[in-house]
Amino acid sequence: MKMAALCSEFGDLAQIKKQLISVISLCKERGLLHSAKWASELAFALDPLPKDDLPAAPPFTEEDAQDLDALTLAKSYFDLKEYDRAAYFLKGCCSQKAYFLYMYSRYLSGEKKKDDETVDSLGPLEKGQVRNEALRELRVELSKKHTARELDGFTLYLYGVVLRKLDLLKEAVEVFVEAIQALPLHWGAWVELSNLITNIEMLKSLSLPDCWIKDFFMAHMYTELQMIKEALQKYQNLIEAGFSKSTYIISQIAVAYHNIRDIDQALTLFNELREQDPYRIDNMDTFSNLLYVKSMKPELSYLAHNLVEIDKYRVETCCVIGNYYSLRSQHEKAALYFQRALKLNPRCLGAWTLMGHEYMEMKNTSAAIQAYRHAIEVNKRDYRAWYGLGQTYEILKMPFYCLYYYRKAHQLRPSDSRMLVALGESYEKLSQQVEAKKCYWRAYSVGDVEKMALLKLAKLHEQLNESDDAAQCYMLYIQDIFSCGEQPEHAEVSTALRYLGQYYFKNKLYDEAALCAQRCCDFNAREEGKALLRQISQVRDQIETPSADPFGTLSNNNTPVRRVSPLNLISFTP
């Protein structure tokens with residue numbers, strides 16, 4: 001039943017395939033190769049069409065016939081990246097297709113000159129300061145045509161790109177929406193629009209056409225806005241609707257799992273993607289991030305060598321090699337390869353952020369700050385860059401700055417415990433203990449990745465002489481550490497056990513105190529444990545206490561059974 005509903009929502013898959021084949025042809029004619037590639041990959045995932053069902057060629061107008069020779073010649077120059085030459089032979093052409101290629105050639109010529117004018121002595125950190133001089137002229141000409149309503153869907157897309165490059169973002173959003181309404185099947189316009197959407201409210205406010213491609217866009221946006229649950233549901237719906245063979249969808253689901261740090265699931269999907277498309281380079285930089293996090297040095301080395309054989313001058317290849325050197329702690333070499341990636345594409349978000357990380361490792365905080373700021377310029381939704389800036393200013397002992405950047409990171413990742421712990425530490429340094437407590441407790445509540453929030457909260461309570469609350473947090477911390485089955489850090493566990501032992505001793509719960517003291521001896525706190533046991537033995541003959549195990553079955557199998565504690569932290573729950 002669900003499948004039928006999805007098919008009715010997407011209509012006839014054969015009809016979608018026809019639309020994709022048509023738009024592939026239109027994009028190729030105009031040199032929009034990335035959009036053509038996306039549509040081609042999607043069309044490949046659908047069943048082939050019978051010969052009689054293939055879409056007819058678009059209608060050929062009188063203007064098209066008149067411009068045919070000039071357009072054919074110019075397109076051959078365009079394909080060879082001779083953009084000025086292509087524009088010269090298209091000047092004065094009347095057809096929509098020729099006009100788009102004329103304007104697009106001028107735009108790309110300006111972009112090429114901008115890159116060429118960036119002298120080698122300037123590093124990638126200064127590269128963004130050089131501007132495309134053709135943009136203002138293009139804006140004036142396209143604006144006149146726009147006012148006269150003479151722009152088609154493709155030229156509206158180009159107008160939007162020009163406006164975005166000139167930082168006229170509000171106008172760019174309006175024009176991209178207009179371009180999508182005029183030509184819904186052009187994926188490039190959807191992608192450009194996605195880069196300008198900052199939050200879910202802005203996304204909901206847009207008037208977008210009700211077309212099957214909108215579902216792909218919404219899934220992409222949910223991933224970008226860190227709404228991973230919604231994104232995964234959308235992609236699952238698309239798979240059930242008939243796109244199960246799409247490598248694009250597999251890669252997007254893998255990226256979504258990467259974003260929520262479900263590393264094993266993401267690795268499985270990337271390995272599946274590599275089997276289906278072994279020469280794929282797209283998204284392999286994200287795959288390398290996962291291999292880096294898991295310290296899978298042989299696999300990362302193999303991936304780097306494999307991508308170099310395919311194309312060593314791709315941005316993704318440079319990022320993979322950079323990650324490989326970073327994993328080997330060769331941070332200068334890693335930074336060099338991230339710089340190479342940025343020479344190839346100054347708007348490569350991942351390379352800016354990763355280069356910031358490398359400068360941090362090299363203790364070059366000023367360069368790290370610059371790199372993170374460039375990452376934010378490329379995409380204000382990059383929580384890693386905001387978080388990196390917070391860490392950099394933490395090293396520089398500037399807690400007010402830390403607080404600002406950690407807040408930004410937290411807004412983008414409200415359920416990420418690392419952001420909350422960092423916020424708590426900043427508040428603590430600024431003597432805002434109440435806010436710090438809220439952050440630490442919230443970090444524990446959302447699922448503390450690094451198992452540090454409770455410990456920090458307990459120590460804060462301890463400093464404030466709130467012994468009951470400190471004991472409650474230490475007890476929860478110990479239960480949490482042993483229940484996760486991982487090898488605990490001896491120093492931190494012994495700190496918690498030592499405090500609990502003293503706490504129970506002061507409250508005359510000598511059996512519980514003795515158990516904590518005995519457990520201290522197992523975690524490199526033998527002297528403290530023995531000292532506490534001696535104290536207990538001095539009073540044990542005079543006072544009898546009922547035997548109890550404060551950690552459930554901790555003494556038997558190291559796995560505590562949670563019990564309701566009489567202590568209460570509700571007052572610190574944000």
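**TPR repeats**

I started with the annotation: the UniProt record, an unreviewed entry, puts "repeat: TPR" at residues 247-280, 315-348 and 349-382. What I have open is a predicted model, so I read everything below with that in mind.

I checked two of the annotated spans against the coordinates. Residues 315-348 come out as 79% helix and 0% strand, with the end C-alpha atoms 8 Å apart. For residues 349-382 I again got 79% helix and 0% strand, and the end C-alpha atoms lie 8 Å apart.

**Whole chain**

I then zoomed out to the full chain. I counted 32 helices and 0 strands. The chain has 574 residues, and 52% of them count as buried. I also looked at contacts with a sequence separation of 6 or more: residues 24 or more positions apart make up 59% of these.

**Asn323**

Back to the repeats for one residue. Asn323 sits in helix H19, which runs over residues 315-327. Is Asn323 buried or exposed? I put it down as buried, because its relative accessibility is 3% and the cut-off for buried is under 20%.

What is Asn323 in contact with, once neighbours within four places in sequence are set aside? My list reads Asp285, Ser288, Asn289, Tyr292, Leu300, Phe338 and Leu354. Two of the names on that list, Asp285 and Asn289, I marked for a second look in the viewer.

**The nonpolar core**

Next I looked up the largest nonpolar core, which has 187 residues. Tyr107, Leu193, Trp212, Phe216 and Phe217 have the most contacts inside it. Which helix gives the most to this core? That is H28, with 10 residues. As background, nonpolar side chains tend to be buried together in soluble globular proteins.

I followed Phe216 outwards. Not counting residues up to four places away in sequence, Phe216 touches Trp38, Leu42, Trp187, Tyr235, Leu238, Phe243, Tyr248 and Ile249.

Trp187 was on that list, so I went there next. Trp187 is in helix H11, residues 187-194. With a relative accessible area of 6%, Trp187 is buried. Outside its sequence neighbours up to four places away, Trp187 touches Ser35, Trp38, Ile213, Phe216, Phe217 and Tyr248. I also took one distance: Trp187 and Phe217 are 30 residues apart along the chain, and their C-alpha atoms are separated by 8.6 Å.

**Positive phi**

I scanned the backbone and noted two residues other than glycine with positive phi. Gln226 has a phi of about 65 degrees. Where is Gln226 found? I located Gln226 in the loop between helix H13 (213-224) and helix H14 (228-243). Gln226 counts as partly exposed, because its relative accessibility is 21% and buried would need a value under 20%.

The other entry is Ser431, with phi near 60 degrees. Ser431 also has a loop address, between helix H25 (417-429) and helix H26 (433-445). At 52% relative accessibility, Ser431 counts as exposed.

**Two more C-alpha pairs**

I picked Gln411, in helix H24 (residues 399-412). Gln411 is exposed, with a relative accessible area of 59%. Gln411 and Tyr383 are 28 residues apart along the chain, with 8.6 Å between their C-alpha atoms.

Then Tyr503, in helix H29 (residues 490-506). Tyr503 is buried, with a relative accessible area of 12%. The partner I checked was Ala470: 33 residues separate Tyr503 from Ala470 along the chain, and their C-alpha atoms are 9.3 Å apart.

**Empty space**

Last job: voids. A probe the size of a water molecule, rolled over the atoms, shows where empty space is left. How many cavities of 30 Å³ or more does the structure hold? I found 1. The largest cavity has about 30 Å³ of space.

Which residues line the largest cavity? I wrote down Tyr444, Asp448, Lys451, Met452, Ala453, Leu454, Tyr477 and Asp480. Helix H27 (453-463) and helix H28 (467-483) each supply at least two residues of this lining. By type, the lining divides into 5 nonpolar, no polar and 3 charged residues. H28 had already come up in my notes, as the helix that gives the most to the largest nonpolar core.

Methods
Residues numbered from 1 in each chain as written. Predicted model: local features only at pLDDT ≥ 70, side-chain atom pairs only at ≥ 80, totals over all residues. Heavy atoms only, no water. 1 Å grid on protein atoms, 1.4 Å probe; cavity = no way out; pocket = protein on both sides within 12 Å on 5 of 7 lines; lining within 4 Å. Points joined across faces, edges and corners; volume = space filled by probe spheres on them. Helix = DSSP H or I, 4+ residues; strand = E, 2+ residues; numbered from the N terminus. Nonpolar A, V, L, I, M, F, W, Y, C, P; charged D, E, K, R; others polar. Buried < 20%, exposed > 50% of the residue type's maximum accessible area, 1.4 Å probe, protein only. Contact = heavy atoms within 4.5 Å. UniProt positions renumbered as here; feature names shortened; annotations may be inferred. Core = buried A, V, L, I, M, F, W, Y, C linked by side-chain atoms within 4.5 Å.
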